[in-house]
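Open your viewer, switch on the cartoon, and keep the selection tool handy. We will go from stop to stop, picking a few residues each time.

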Amino acid sequence: MPLGIGGGQSKQVRTKSRTGKQQNAIELLKNDHQEVAQLFEQLEKAGDGSVKKSGIVEKICRALKVHAEIEEEIFYPAAYGALDEANEQIMDEAEVEHSSIGSLVEQLEGARPGDELYDAKVKVLMEYVKHHVKEEEGKMFPKVKKTGLDLDDLGSELASRKAELMAQY
């Protein structure tokens, strides 16, 4: 199963921007990135409180799973189709990054603070995610914006699938 980004079950998926208009695909994905960044900040502030820490890590893992799934099912195939061969390398790298992040998410889902290598896995996950976000937002998204891809329609598709996945988790 792909990785992904979302939030808690009670939280509604925001499909519109702060201005009230429908989010395009890149806006939606960037908002997911910001949500996870905020969860990582909460985690860093949580200290060693294992119950609080564990809850935040669970939210991060759930969010990453949903996010990766919508990217891998919808956004990446569309981007691959829209980008020329010269830009496919960035997509290939993103898939490898998702695989590495997904492996850590799987390991953390069954773990608890205090388990062997728990803190190290959380730290590496945070570093991988930060790198992945930097690559997507700094390289991939600008290239995708320059294609003829309909980012509004794609955003609607992503939002719909994200809502489905959030209801499952």
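## First stop: a charged pair

Select Glu-164 and Arg-161: the two form a salt bridge, and their closest N and O atoms are 2.9 Å apart. Please keep in mind throughout that this is a predicted model.

Now color the cartoon around this pair. Glu-164 and Arg-161 sit three residues apart in helix 5 (residues 151–168), so about one helical turn separates them. Is Arg-161 buried or exposed? With a relative accessibility of 18%, Arg-161 counts as buried, because the limit for that label is under 20%. Glu-164 has a relative accessible area of 42% and is partly exposed.

Next, add Glu-69 and Glu-73 to the selection. Together with Arg-161 and Glu-164 they are linked in a network of salt bridges.

## Second stop: more salt bridges

The structure has nine salt bridges, and two others are worth a visit.

Select Lys-53 and Asp-119. Their side chains meet in a salt bridge, at 2.6 Å from N to O. Which parts of the chain does this pair link? Lys-53 belongs to helix 2 and Asp-119 to helix 4 (residues 118–145), so the pair links distant parts of the chain, 66 residues apart. Try a surface view here: Lys-53 counts as buried, at 11% relative accessibility, while Asp-119 counts as partly exposed, at 43%.

Stay on helix 4 and select Glu-135 and Lys-139. This salt bridge has its closest N and O atoms 3.6 Å apart. Both residues lie in helix 4, four residues apart, which is about one turn of the helix. Glu-135 is buried, with a relative accessible area of 13%, whereas Lys-139 is partly exposed, with 42%.

## Third stop: two helices side by side

Hide the side chains and select residues 25–46, which are helix 1, and residues 50–82, which are helix 2. How do the two pack? Their axes are 10 Å apart and make an angle of about 160°. Angles over 145 degrees count as roughly antiparallel, and helix 1 and helix 2 are therefore roughly antiparallel to each other. Rotate the view until one helix lies in front of the other, and you are looking at a left-handed crossing of helix 1 and helix 2. Bring the side chains back for this contact: its residues divide into 16 nonpolar, three polar and six charged.

## Fourth stop: the nonpolar core

Now select Leu-29, Phe-75, Met-91, Met-140, Val-144, Leu-154 and Leu-158, and show them as spheres. These residues belong to the largest nonpolar core, which has 25 residues, and they touch the most other members. Which elements give two or more residues to this core? They are helix 1, helix 2, helix 3 (88–109), helix 4 and helix 5. Helix 2 provides the largest share, seven residues. In soluble globular proteins, nonpolar side chains tend to be buried together.

## Last stop: the whole chain

Clear the selection and zoom out. The chain has five helices and zero strands, and from the N terminus on its elements run α-α-α-α-α. If you color the cartoon by accessibility, look for the buried residues, which make up 46% of the 169 residues in the chain.

Note on methods: Residues are numbered from 1 along each chain as its sequence is written. This is a predicted model: local features need pLDDT of at least 70, side-chain atom pairs count only at pLDDT 80 or more; totals for chains, interfaces and linings use all residues. Side-chain values use heavy atoms; hydrogens and water are left out. Axes are lines fitted to C-alpha atoms, for helices over the stretch in contact, and angles run from 0 to 180 degrees between N-to-C directions. Angles under 35 degrees count as roughly parallel, over 145 as roughly antiparallel, 65 to 115 as roughly perpendicular and the rest as oblique. A crossing is left-handed if the near helix is turned anticlockwise from the far one by less than a right angle, and right-handed if clockwise. Ala, Val, Leu, Ile, Met, Phe, Trp, Tyr, Cys and Pro count as nonpolar, Asp, Glu, Lys and Arg as charged, and the others, Gly among them, as polar. A salt bridge is a side-chain nitrogen of Lys or Arg within 4 Å of a carboxyl oxygen of Asp or Glu. Buried means under 20% relative accessible area, exposed over 50%, partly exposed in between (1.4 Å probe, protein chains only). A nonpolar core is a set of buried Ala, Val, Leu, Ile, Met, Phe, Trp, Tyr and Cys residues joined through side-chain atoms within 4.5 Å.
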